[in-house]
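Q: I'm new to reading protein models and would love a close look at one part of this one. Could you walk me through a pocket and the parts of the chain around it?

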Amino acid sequence: EKKMVDLGSGCGRLVAHAALTRERWDIHGIEISPLMHEFAVTNLARRGVSEGLFSEINDDDGKLGRVSNASITFHCGDAKERAASLLGDADVIFCYSTALPAPEFS
């Protein structure tokens, strides 16, 4: 099983897409904003279950369950707090941020 971590997962679109297109992957989204984290969990849980994409929901720890043999887990908080448990053994780490300055695009 491979592990992917999306740093700054926002509303969870990349996490959901990765889980739907990767068999037997452990997909994690880490979001520092409680508002965006809650949106990702509730929106994907609600739509995922109603559309038959997710087979189980467990809101207690943010785990959304299985999707085509991939698992999704959302974490709310600073990525530094998760570094040892998630980033250390991740096969893929994705980070896209519009919060950082990018002078080459100015």
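A: Let's start with the second largest pocket, whose lining is made of 13 residues. Nearest its centre lie Ala16, Asn43, Leu44, Arg47 and Gly48. Keep in mind as you look that this is a predicted model. Two elements, α1 and α2, each give two or more residues to the lining of this pocket. The largest share comes from α2, with five residues. By character, the lining of the second largest pocket divides into seven nonpolar, three polar and three charged residues. The space inside this pocket comes to about 160 Å³.

Now follow α1, which spans residues 13-21. Its buried residues include Val15, Ala16, Ala18 and Ala19. Seen down the axis of α1, the buried residues fall within an arc of 165 degrees, so they line one face of the helix. You have met one of them already: Ala16 is among the residues nearest the centre of the second largest pocket.

Two others from that helix lead us to the largest nonpolar core, which has 13 residues. Val15 and Ala19 are among those with the most contacts inside this core, along with Met4, Ile27, Ile72 and Phe74. At least two residues of the core are supplied by each of α1, β2, α2 and β4 (70-76). The most come from α1, which gives four. A general tendency fits in here: in soluble globular proteins, nonpolar side chains tend to be buried together.

Met4 is a good residue to zoom in on. Setting aside residues up to four places away in sequence, Met4 touches Leu14, Ala18, Trp25, Asp26, Ile27, His28, Val92 and Phe94. Apart from the largest core lies another core, of five residues, with Leu7, Ile30, Leu86 and Ala90 among them.

Finally, go to the start of the other helix that lines our pocket. Ile32 sits in the loop between β2 (25-31) and α2 (34-50). Is Ile32 buried or exposed? With 60% relative accessibility, Ile32 counts as exposed, because the cut-off for that word is over 50%. Ile32 still has partners from elsewhere in the chain: leaving aside neighbours within four places in sequence, Ile32 is in contact with Cys76, Gly77 and Asp78. Ile32 and Asp78 are 46 residues apart along the chain, while their C-alpha atoms are separated by 5.4 Å.

Technical notes: Residues numbered from 1 in each chain as written. Predicted model: local features only at pLDDT ≥ 70, side-chain atom pairs only at ≥ 80, totals over all residues. Heavy atoms only, no water. Buried < 20%, exposed > 50% of the residue type's maximum accessible area, 1.4 Å probe, protein only. Contact = heavy atoms within 4.5 Å. Core = buried A, V, L, I, M, F, W, Y, C linked by side-chain atoms within 4.5 Å. 1 Å grid on protein atoms, 1.4 Å probe; cavity = no way out; pocket = protein on both sides within 12 Å on 5 of 7 lines; lining within 4 Å. Points joined across faces, edges and corners; volume = space filled by probe spheres on them. Nonpolar A, V, L, I, M, F, W, Y, C, P; charged D, E, K, R; others polar. Arc of directions from axis to C-beta.
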